[in-house]
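Let's take a walk through this chain, starting at its N-terminal end and working towards a sheet and a pocket. Have the model open as you read.

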Amino acid sequence: AFRSERDGGGIYLVPALGGAEVKLAALGERPSWSPDGSEVWFIVQTFTFDSSGLRAVSLDGRAIREIHPAFTAAGDWEWIGRHPDGRVSFLGSRSGKFGFFTVSSSGDVRSSDFGVLPQALKNSLDNANFSRTRFQWDPSGTTLLLEVRSVEGVWNLWRVRVDPGTLAWTRVERLTTGAGDDVVPGFSSDGKRVAFVTQRASIRIWQYTPTGSGVKDGRPLSPDGGSALALDVSPDGDSVLYNFVQPGRSLTPRWW
């Protein structure tokens, strides 16, 4: 099961060894399998990139249902993931309180204690600025991988030990320390190894020359390795003012 942007975007199914692809749903992302393999679960996003809910679609694509709709309606979710025992975990704000919640099939809600987290990490989680903090349970249900964006704009991976009975967060350690971005973590089936992606992206300002048939001679005005934001042009048209953000550095106004 995977997300694709083709034909307006949606959730697709394809045989693992190849074959015809089938579109299951015209919305959603981050698909995962239900515990019994009879459905594909996926997250539905709002325009702010926060998760608005969790849904399930049958393998023939004919039936879509909401999972824990009463619980999700009261929250603003950064990420949703399945606990190894079939429960569903939610990271975000519910009724104005930020936290990590795990909900059973009967609707029983268990809230995790963040007591062991450093204050800087708590601030990063509680002030996501429309960015998603992904998490992934290990197969035993005793460890969480967190993909966290620091206030300096760097994505790194953190490992949190969890008491399997109370779901309290008991120990935390940072797994990656590079300039990143280290994202999309996942455990091996035995829980002993972690796979993740290190990605690099830029948002650049480009200048093009209009022609009768379109544009030509495009050239970048802002440097690579960061994001150019809030563009404005000087009154004489000779200069461009923009904010430039690099991972690990503060916001810097620049003229070009």
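Strand β1 (residues 2-4) runs antiparallel to strand β2 (residues 10-13), and 3 bridges join them. Strands and helices here are DSSP runs, numbered from the N terminus: E over at least two residues for a strand, H or I over at least four for a helix. Two strands pair if DSSP finds at least two bridges between them. Across this first pairing, S4 stands opposite G10 in β2. The hairpin of β1 and β2 has 5 residues between the strands, and D7 takes a positive phi near 50° there. β2 also pairs with strand β3 (residues 22-25), again in the antiparallel sense and over 3 bridges; here I11 faces A25 in β3.

A word on the ground rules. This is a predicted model, with local features needing pLDDT of at least 70 and side-chain atom pairs counting only at pLDDT 80 or more, while totals for chains, interfaces and linings use all residues. Residues are numbered from 1 along each chain as its sequence is written, and side-chain values use heavy atoms, with hydrogens and water left out.

Stepping back, the chain has 2 helices and 22 strands. Of its 256 residues, 39% count as buried, where buried means under 20% relative accessible area, exposed over 50% and partly exposed in between (1.4 Å probe, protein chains only).

Now for the sheet. Four strands form an open sheet in the order β12-β13-β14-β15, with antiparallel pairing. β12 (135-137) and β15 (169-174) each have a single partner strand, so they stand at the edges and one side of each is left without a neighbour in the sheet. β12 is joined to strand β13 (residues 143-149) by 3 bridges, and W137 has L144 in β13 as its bridge partner.

Strand β14 (residues 155-162) holds W158. Is W158 buried or exposed? W158 is buried, at a relative accessible area of 16%. Contact means heavy atoms within 4.5 Å, and beyond its neighbours within four places in sequence, W158 touches residues including L121, L144, V148, V172 and R174. W158 and R174 are 16 residues apart in sequence, yet 4.3 Å apart in space, C-alpha to C-alpha.

Next, two residues worth a look for their backbone angles. Neither R30 nor H68 is a glycine, but each has a positive phi.

| Residue | Location | Phi | Relative accessible area |
|---|---|---|---|
| R30 | strand β4 | near 45° | 28%, partly exposed |
| H68 | loop between β7 (64-67) and α1 (69-73) | about 50° | 18%, buried |

R30 turns up again in the second largest pocket. A pocket is an open set of points on a 1 Å grid over the protein atoms alone, where a 1.4 Å probe fits, with protein on both sides within 12 Å along at least five of seven lines; lining residues have an atom within 4 Å of a point. This one is lined by 21 residues, and R30, S32, G81, R82 and Q136 lie nearest its centre. The lining divides into 12 nonpolar, 6 polar and 3 charged residues. For that split, Ala, Val, Leu, Ile, Met, Phe, Trp, Tyr, Cys and Pro count as nonpolar, Asp, Glu, Lys and Arg as charged, and the others, Gly among them, as polar. β4 (29-33), β5 (39-45), β8 (75-82) and β12 each supply at least two residues of the lining.
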